[in-house]
Amino acid sequence: MQDTLHLSSAAAAAAITPLPLPLPNPNFPSTPRPKHLQFPPPSSTKTISLPPPIKSPANPTPLPISPPTPQTSQIQEIILYLDSLGVDSFHCLHSHPPLLSTPVSQIQSTVAFLLSLGLTVPDLRRIFPMCPDLLTSPTSATVIRATTFLLREARVVAPDLRRVIHRRPRLLTCSVERQLRPALYFLQGTIGIEDVSKFTFLLSCSVESKFIPRIEYLQKLGFSYRDTIAMFRRFPSLFCYSIKENFEPKFDYFVVEMGRDLKELVAFPHYFSFSLENRIKPRHGMCVEKGVCLALPTMLKLSEARFRARLEVFCSSSAPVRNSPFWINTHGDDVT
């Protein structure tokens, strides 16, 4: 019996003997083990207590809604009134924030005055987004005074007033003393434009920042003061063109590529009104290809079909003498 127990104990001991650990693989680095591990004592463990959940009331009370302020009501009235006219109220409010604080009665007064001048509601739908300042300009102190100036001093006839405002509504927002009258005197006295009523859109331009810089720029290009004034008198819209985006590239092409004389620009300042890429360059290129030099009005003012026909006439016939009537008609300003 003891032998049996002894064998059983030996077998059990052999069963629980741990197997030998495998040797570490030299191809893998060994992971370092921390030498000392410190654990907080049991006494340092704190119990975190959570607050009790908030119970919602059975019948929740809605938050009170504050009544609209006077400013909010005024903005709503402005939007409703402009919308009733079909005017884009959001565009006007966004582009001209002072409109937010303008009394509706002032806007209604301006609208009534414009309608009395012969403008229509569709006209208002166009001019107010173009010039939202008109909605905030005082009717009596600014709008009516500017209208009176256009009729009495600028000599705009009553039937043309609607067209003038339709093209340049900003005129009605300009100060007569600081803006309109100085521009009128400059155009009449310095430039020599007799009938300014045909160029009323220039009256809203500044003499100091618009007119004078363009005159000085043309003088820097080599034009005399007399020729410069003559150019603006022949073509007053020249004042509206950008120096950097219009005058500079077109003048450089005229001198460098076309190699023409400045006197041609004095006689035909309308050259600056034509597109450099779509009209001037293509037609000059065709003239160079055909070996023909046309006068600026002939080259630029004719329609595409008439220009090509005129070019073929020059290519298929000998050049006329200078004193020939044909030469005058084709090289002069008459291109009808």
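**Close-up 1. The largest nonpolar core of the predicted model.** This core holds 83 residues, and the members that touch the most others are F128, L150, L203 and Y271. Helix α9, residues 176–191, gives the most to this core, with seven residues. In soluble globular proteins, nonpolar side chains tend to be buried together.

**Close-up 2. Surroundings of F128.** F128 is among the four core residues that touch the most other members. Leaving aside residues up to four places away in sequence, F128 touches V87, C92 and V111, and also L114, L134 and L135.

**Close-up 3. Q179 of helix α9 and the backbone of C205.** Q179 lies in helix α9, the helix that gives the most residues to the largest nonpolar core. From the side chain of Q179 to the backbone oxygen of C205 the distance is 2.6 Å. With residues up to four places away in sequence not counted, Q179 touches C174, L203, S204, C205 and S206. Of these, L203 is also one of the core residues with the most contacts to other members.

**Close-up 4. Packing of helices α14 and α16.** Two packed helices are described by the angle between their axes and the distance between the axes. For α14 (residues 276–290) and α16 (residues 304–316), the axes come within 11 Å and cross at roughly 15°. Angles under 35 degrees count as roughly parallel, so α14 and α16 are roughly parallel to each other. Their crossing is right-handed. On the α14 side the contact is made by R283, M286, C287 and K290; α16 contributes E304, F307, R308, L311, E312 and C315.

Technical notes: Residues are numbered from 1 along each chain as its sequence is written. This is a predicted model: local features need pLDDT of at least 70, side-chain atom pairs count only at pLDDT 80 or more; totals for chains, interfaces and linings use all residues. Side-chain values use heavy atoms; hydrogens and water are left out. A nonpolar core is a set of buried Ala, Val, Leu, Ile, Met, Phe, Trp, Tyr and Cys residues joined through side-chain atoms within 4.5 Å. Buried means under 20% relative accessible area, exposed over 50%, partly exposed in between (1.4 Å probe, protein chains only). Helices (H or I, at least four residues) and strands (E, at least two) are DSSP runs, numbered from the N terminus. Contact means heavy atoms within 4.5 Å. A polar contact is a pair of N or O atoms within 3.5 Å; within protein, one must be able to donate a hydrogen and the other to accept it, and residues adjacent in sequence count only if both atoms are side-chain atoms. Axes are lines fitted to C-alpha atoms, for helices over the stretch in contact, and angles run from 0 to 180 degrees between N-to-C directions. Angles under 35 degrees count as roughly parallel, over 145 as roughly antiparallel, 65 to 115 as roughly perpendicular and the rest as oblique. A crossing is left-handed if the near helix is turned anticlockwise from the far one by less than a right angle, and right-handed if clockwise.
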